Every structure is written in C-alpha cells, then in structure tokens.
Amino acid sequence: MANRRPLNLGTVISVRGSIVDVLFEKHLPPVYTLLRAGKESQIAIEVLTQLDAHRVRGIALTPTEGLARGTEVEDTGGPLKAPVGREILSRMFDVFGNTIDRRQPLSDIQWRSIHQTPPPLMRRSTTSEIFETGIKAIDVLVPLERGGKAGLFGGAGVGKTVLLTEMIHNVVKQHQGVSIFCGIGERCREGEELYRDMKDAGVLPNTVMVFGQMNEPPGARFRVGHTALTMAEYFRDDEHRDVLLLIDNIFRFIQAGSEVSGLMGQMPSRLGYQPTLGTELSELEERISTTDAGAIMSIQAVYVPADDFTDPSAVHTFSHLSASIVLSRKRASEGLYPAIDPLQSNSKMATPGIIGERHYRLAQEIRQTLAQYSELKDIISMLGLEQLSPEDRNVVARARRLERFLTQPFFTTEQFTGIKGKSVSLSDALDGCERILRDEFKDYPEGDLYMIGTIDEAIARKSSREKS
C-alpha cells in the first residue's frame, strides 16, 4: 500500500441528467479518465471534455440518483477497463466487466483499457477467404468474408436477431475459435434467452457475452461495444485465435452516441444525429480487422429507422462492411424466411476470382431471374399471368421456385415452427439452384420447395405424396 498513488479529489459543481461537471483544484484528469463518486463509489463518470484549467465535463455510465453539488469525486487515474483472459469464457458481463450471470465473481484477472488503437496497415491481412454459414440465401447470394464485417439491415420485426442467433448456432458448431456476443441497447429478455439457448446448445464454453441493455444510461450503451472489442482483441493478438464478434444492434450504439452528444450540448447535424457520427463509428469499426496474429470476424445487426436506407446511421454503417444483408418486410409478410432481399443485398466477395466462376455465374443468373420477376409483378397484378409471353411465364415460374428454395427452417425457431432446423452446405445449395434454373422442377408444386434443406427433400416430398 506504500506505493499507492495520492488521491486526486474533485467536487461536483453541476448535474444535468447524465452529464456531470466536476471541479479539480490540483490536477485536471485527461479525457477518457474514469471518475468515481457516491457512498460506495457506485457512480462511474467518464471524462469527455476539459472545460477550462480546473473543470471537466463527463458522462455518467450509471444512474446518477443521490449525486448532488458538493459531492466528492475520486479520479481513478486511468480509463474504463475490461477483463481479458481465458477466465472470461462462458461468462456474461456488463460494461464495467462485472459478471451478471449470478455465478462466482472472477478473481485474479487481467484488465485492459477499452480505448485501444486500430492495428496498423502493415499488420493487416490482405487475403480473402469465404466463410460458410450453412444458410442457403447468404452462402449463394451474399458470401461472407472470413475476418470481414457483415451487416444485417432491417426495420423492426423482420428477423435480424433470429438470423444472428442462427448464425451463432451454425458457426459455433464448426468454429474452433471464440464467439463474443455484444448486446447494445437491446431487450434484457433477449439476453437471458440467448444465454439459455447457448447453454442448451453446448456452445457456452467458447462464448463470452457482454450486455449494455436499453434500461441503462446512454453512457453505458455507448461504451459496451468497446468493452466487447477489447476482449476480442485479446483472443486475436495474445492467443492467436479467430474470433466471431456478434453485435446486436449497431444502430443503438449510434443512438447512444447521439444521446450523449445532445446531453453534452453539441449542435446536431442532419436528422438530429451527432456531428461526430462518422468518427465514433470508425473508431469502433476499424478495430475489427484481420491481422497476422488472427482474425476478428464481425456480424452486426443494424436497425434501419422507418425502413429508410438513406438514413445517416445506415449510410455510415454501409461504408465499413464487406457484405450487406438486407431484410425485407415485404418478403417477411409473404412468409419467405429468412426475409433476405437478394436484389438489395450485396457482398464484395461475390467476384469470380474469389468465389469461382460457377458460383459467380449462378448467383448472377439467380439475381437476373428474380429481377425480371420483380419487373413483371406489376403486369401480373393488372392483367394476370395469362397475358405474359410463354418465355416470361417460365421466368416467373423459375423465380417463384427459387424464392421458395432459398427459404430455410432454422434451428433457433424449431420450438415455434415445429419444423426441424437445417444447415445446408454451399455445394448442395448451388446444386439445387442450378437444377431449378435448368427447369428440372417445373412439374413440382411450389410448396414442395418451401422450407426445405437440400433439393433432394423436394423429390422425397413428391414421391411420398405419390405413394400415399
């Protein structure tokens, strides 16, 4: 205790919601320093700006009940830190690194600052490798990059979280690395359900969960992503393992930043977003990368306000991603799950040099068929299918069968649908699409291709119906 740093104490001079101004007579703490106040130091405040030679303004990461003018504030001498190491596996944390899974608290653990710099360009990997998910619509039309960033875009209730949990289920089964799930501003219920699902599936031993839920102050929601990233960087850089980082929901990170910015008194920019939106998002996203030590692959759910893809939050997020999976409300209303819109979704991996000539050609042909069907829909609704030329009628039949073949029963929805989940390899998915495009299934009812795994199941459905 003899080497303990002398306390740097300050005094609260103003409290406005989550914004706290503190006066320090001796030493002014640097930006990002964590301050503690309250009876048992339970109120945490992060310094965001220095107002003058003696005053700092910070955002409270905890509720500010009981905080008043004149309250003593202690400078902790460092930034907010996150626990790292193998001991954090299978555990659930909050933004401060406290365990919230009602198990024994961690002891003798290493801590690291949540504010790290992105890896330099010379350390980054430049090779592109495909990452299979077992979901037909994604693997065929929007191939994901190993060590890349993929976004799941969609409004409320179109299936972002369901698709995300399905990917966790499929990937963790075949993934030798570590999965880190970060819940930003989502429902507490979802976190609790996900924890139980992970436990039942037996994938918890290689998973870490970090939550900053919607009932928490904006400061906590704004920093929880950095806490999860710090844990992911440890496994990548120190243990040289591949990390799958799942973020649900990146829009809530932007929204928390907007709330913090407004509370700090900054003038909002377009549509009420913070003027620093691009910088804040870049500071988070640029740390997610593949280096010579290992890879952090990220799948991020992105809520799109009012289904408007020109919203600044969606536009800024698009620029960081190697694949964008867009979920459509129209397809969800037609019962086509996963409700992925093949014409709006895209991937930088979908080039002949990376995915191969056959896969590229098939993906282009599928998109073209679905685009033609989309153009013909207006004519069909006005004049009926009979008025189309025989060639157009074939296109419509092919497109409708493709749409149904690209649906898939999920493992995570078995209890709701009663249909057993299916994981389909890329070669089986491509084979099925190719056979549909070659009109092998033109005599099959569309229903035979709906909610199946491989194309052989459609043949089995027809043969079993004929027998009965």
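How many salt bridges does a search of the whole structure find? In this predicted model, the search returns 34 salt bridges. Side chains of opposite charge can pair when their charged atoms come close. One such pair is formed by Glu193 and Arg189, whose closest N and O atoms are 3.6 Å apart. Both residues belong to helix α3 (residues 188-201), where Glu193 and Arg189 are four residues apart, about one turn of the helix.

The strands are considered next. Strands of a sheet pair through backbone hydrogen bonds, either parallel or antiparallel. Six strands form a closed barrel in the order β1-β2-β5-β4-β3-β6, and their pairing is antiparallel. From one strand to the next, the twist averages 45°. Within this barrel, strand β1 (residues 9-16) is joined to strand β2 (residues 19-23) by five bridges, the two strands running antiparallel. Val15 of this pair stands opposite Val20 in β2, and Val12 stands opposite Val22 in β2. The hairpin of β1 and β2 has two residues between the strands, and Gly17 in this hairpin takes a positive phi near 65°. Strand β1 is also joined to strand β6 (residues 72-79), in this case by three bridges and again in the antiparallel sense. Leu9 has Glu74 as its bridge partner in β6.

An open sheet of eight strands is also present, with the order β8-β14-β13-β15-β16-β12-β17-β18 and mixed pairing. Its edges are occupied by β8 (92-93) and β18 (346-347), each of which has a single partner strand, so one side of each is left without a neighbour in the sheet. Strand β15 (residues 243-248) pairs with strand β16 (residues 296-303) in the parallel sense over six bridges, and Val243 stands opposite Ile296 in β16. Helix α5 (residues 250-263) packs on this sheet, where α5 touches β13 (178-184), β15 and β16. The direction of α5 makes about 70° with that of β16.

The packing of three helices, α10, α11 and α13, was then examined pair by pair. Two packed helices are described by the angle between their axes and the distance between the axes. The axes of helix α11 (residues 390-405) and helix α13 (residues 426-437) come within 9 Å and cross at roughly 160°. An angle over 145 degrees counts as roughly antiparallel, and α11 is therefore roughly antiparallel to α13. The crossing in which α11 passes α13 is right-handed. On the α11 side, Arg398, Arg401, Leu402 and Phe405 take part, and these residues meet Ala429, Gly432, Cys433, Ile436 and Leu437 in α13. Sorted by class, the contact of α11 with α13 comprises six nonpolar, one polar and two charged residues.

Helix α10 (residues 357-383) packs against α13 at an angle of about 50°, with the two axes 10 Å apart. The helices α10 and α13 are therefore oblique to each other, and their crossing is left-handed. From α10, the contact draws on Arg358, His359, Arg361, Leu362, Glu365, Ile366 and Thr369, while α13 supplies Leu426, Leu430, Asp431, Cys433, Glu434 and Leu437. Six nonpolar, two polar and five charged residues make up the contact of α10 with α13.

The remaining pair, α10 and α11, packs at an angle of about 115°, with the axes 9 Å apart. The crossing of α10 and α11 is left-handed. Residues contributed by α10 are Ile366, Thr369, Leu370, Gln372, Tyr373, Leu376, Lys377 and Ile380, and those contributed by α11 are Asp392, Val395, Val396, Arg398, Ala399, Arg400, Leu402 and Glu403. The contact of α10 with α11 divides into nine nonpolar, two polar and five charged residues.

Backbone geometry was also examined. Most residues other than glycine have a negative phi, and most peptide bonds are trans. His240, although not a glycine, has a positive phi of about 55°. This residue, His240, is found in the loop between α4 (218-237) and β15. The peptide bond from Tyr337 to Pro338 is cis, with omega near -5°. Pro338 is placed in the loop between α8 (329-333) and β18.

Technical notes
Residues are numbered from 1 along each chain as its sequence is written. This is a predicted model: local features need pLDDT of at least 70, side-chain atom pairs count only at pLDDT 80 or more; totals for chains, interfaces and linings use all residues. Side-chain values use heavy atoms; hydrogens and water are left out. Two strands pair if DSSP finds at least two bridges between them. Axes are lines fitted to C-alpha atoms, for helices over the stretch in contact, and angles run from 0 to 180 degrees between N-to-C directions. Angles under 35 degrees count as roughly parallel, over 145 as roughly antiparallel, 65 to 115 as roughly perpendicular and the rest as oblique. A crossing is left-handed if the near helix is turned anticlockwise from the far one by less than a right angle, and right-handed if clockwise. Contact means heavy atoms within 4.5 Å. Ala, Val, Leu, Ile, Met, Phe, Trp, Tyr, Cys and Pro count as nonpolar, Asp, Glu, Lys and Arg as charged, and the others, Gly among them, as polar. A salt bridge is a side-chain nitrogen of Lys or Arg within 4 Å of a carboxyl oxygen of Asp or Glu.
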